[in-house]
Amino acid sequence: MKMLKKTAAAILVSSMIAGAAQAEISNDEVRIGYLADMSGTYRDLSGPGGLEALQMAIEDFGGTVNGKKIVTFNADDLNKPDVGANTVRQWIDERNVDMVTGMVASSVVLAAAKVVEQGGKLALISGAAASSITNEYCAPSHIHWTYDTFALANGTANAVLKDGGKSWFILTADYAFGHAMENDIKKVVEAEGGSVVGTVRHPFPSSDFSSYILQAQGSGADVVALANAGADTVNSLKTASEFGVTQSGQKLAGMVVFLNDIHAMGLDVTQGLMLTTGWYWDMNEETRAWAKRYEERVGRMPGMVPAGIYSATMHYLNAVKETGSDDAQVVRAQMAKTPVNDMFAKNGKIREDGRMVHDMYLVKVKTPAESKGEWDLYEVVSTIPGDEAFRPIGESQCQQMAPKG
């Protein structure tokens, strides 16, 4: 902990010194790359809607920073790490992109973030979930903004455990994100006196979940936890409904469930589901006003990922404005010393490991009778303070932030 703090202080000081000498915007433009799944499993999670949120932030900022134009590039990573890494490498080498955002599939993010680090640029990760991004894979070149597997497991698993779900079976997407979520679920369940009686991993992406749901039913576990996301979660929940999982007495815990998933499946299938989210459009007047603007442009209400992309982009642009520089570490230092106060988060803070810490929310999916409109889907049950929601810094494995040699 002391080591992390000392290193963070050193980074801030060296960044400020560098900022004094390099307070300029390269190429007379601020260049942002948006990398996401635009056509596959995670399209509705971020995709074109996340790009629209990015454009909203740029427009709201005025389209320029200190008179310098803000330019964007975007690409479909196809949920393939090599495609994502090669795209980012080309952006940095040929287009001198300053910051990359979006960033959804964790396997793609880990590959692309390494390229960003090597290129001396900055990544603002809003779509990906793996808590390892700011744990064993942390780096001074990226910030994890919206949510992570630790926060989701911590919020949802604790709630289900308190409701009597002591034995668990985990259905896991077989790649970096799913593995991280599975590990985080196990830690929470076992720490609270529960047990994991079985796990099964499915290929990413998958369409047929019949055999996996049958294994979950056969385990006799109190709770079937879904450590997957996007279309995989939707298909898992639909299959569970068809096989009568909840009717037979087991609880379903959707660990990474988004607003668009609930909307796609409908309240008849999802009612009563407990989940954790980093943001909800109907929390207050500020969230409703921004969500209405988004809906007018995209045709649906935003989930937490587009809201996080907007927030991260605005915070970044404000830091560029304040420092007069697009140097990655100068901007990161400014972002870290400035609290996040916007429609997404209040008193959010960027920790030395790159985790943006903010409140999370435990919500319950409404019944059809409770819902008063198409997007009136959640009841906010409780607020989880940021310092409780995310992995404590004292438990960090963030080796890259420690002094070398």
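The exchange below goes through a predicted model and asks what stands behind the terms used for it.

User: What kind of model is this, and how are its residues numbered?

Analyst: This is a predicted model, in which local features need pLDDT of at least 70 and side-chain atom pairs count only at pLDDT 80 or more, while totals for chains, interfaces and linings use all residues. Residues are numbered from 1 along each chain as its sequence is written, and side-chain values use heavy atoms, with hydrogens and water left out.

User: Where do the bounds of domain 1 and domain 2 lie, and how far apart are their C-alpha centres?

Analyst: Domain 1 takes in 27–146 + 281–354 and domain 2 takes in 148–276 + 359–387, with bounds that come from an automatic or database domain assignment. Their C-alpha centres are 27 Å apart, and 25 residues of domain 1 and 22 residues of domain 2 take part in the contact, a word that stands for heavy atoms within 4.5 Å.

User: What is the area buried between domain 1 and domain 2?

Analyst: That area is about 2000 Å², and carbon and sulfur atoms give 67% of it; buried area is the accessible area (1.4 Å probe) that two parts lose on being put together, summed over both.

User: Why is the pair Lys-349 and Asp-387 called a salt bridge?

Analyst: The term asks for a side-chain nitrogen of Lys or Arg within 4 Å of a carboxyl oxygen of Asp or Glu, and the side chains of Lys-349 and Asp-387 meet at 3.2 Å, N to O, so the pair qualifies. Between domain 1 and domain 2 the count is one salt bridge, whereas the structure holds 19 salt bridges.

User: What makes Arg-293 and Asp-60 a salt bridge, and where in the chain are they?

Analyst: Their side chains meet at 2.8 Å, N to O, and the limit is 4 Å, so this pair also meets the rule. Arg-293 belongs to helix H11 (residues 285–298) and Asp-60 to helix H2 (residues 47–61), so that the pair, 233 residues apart, links distant parts of the chain; helices (H or I, at least four residues) and strands (E, at least two) are DSSP runs, numbered from the N terminus.

User: What is notable about the peptide bond between Phe-204 and Pro-205, and about phi of Asn-66?

Analyst: Most residues other than glycine have a negative phi, and most peptide bonds are trans. The bond joining Phe-204 and Pro-205 is cis, with omega about -10°, and Pro-205 is in the loop between strand E8 (195–202) and helix H7 (210–219). Asn-66 has a positive phi, near 50°, and is found in the loop between strand E2 (64–65) and strand E3 (68–76).
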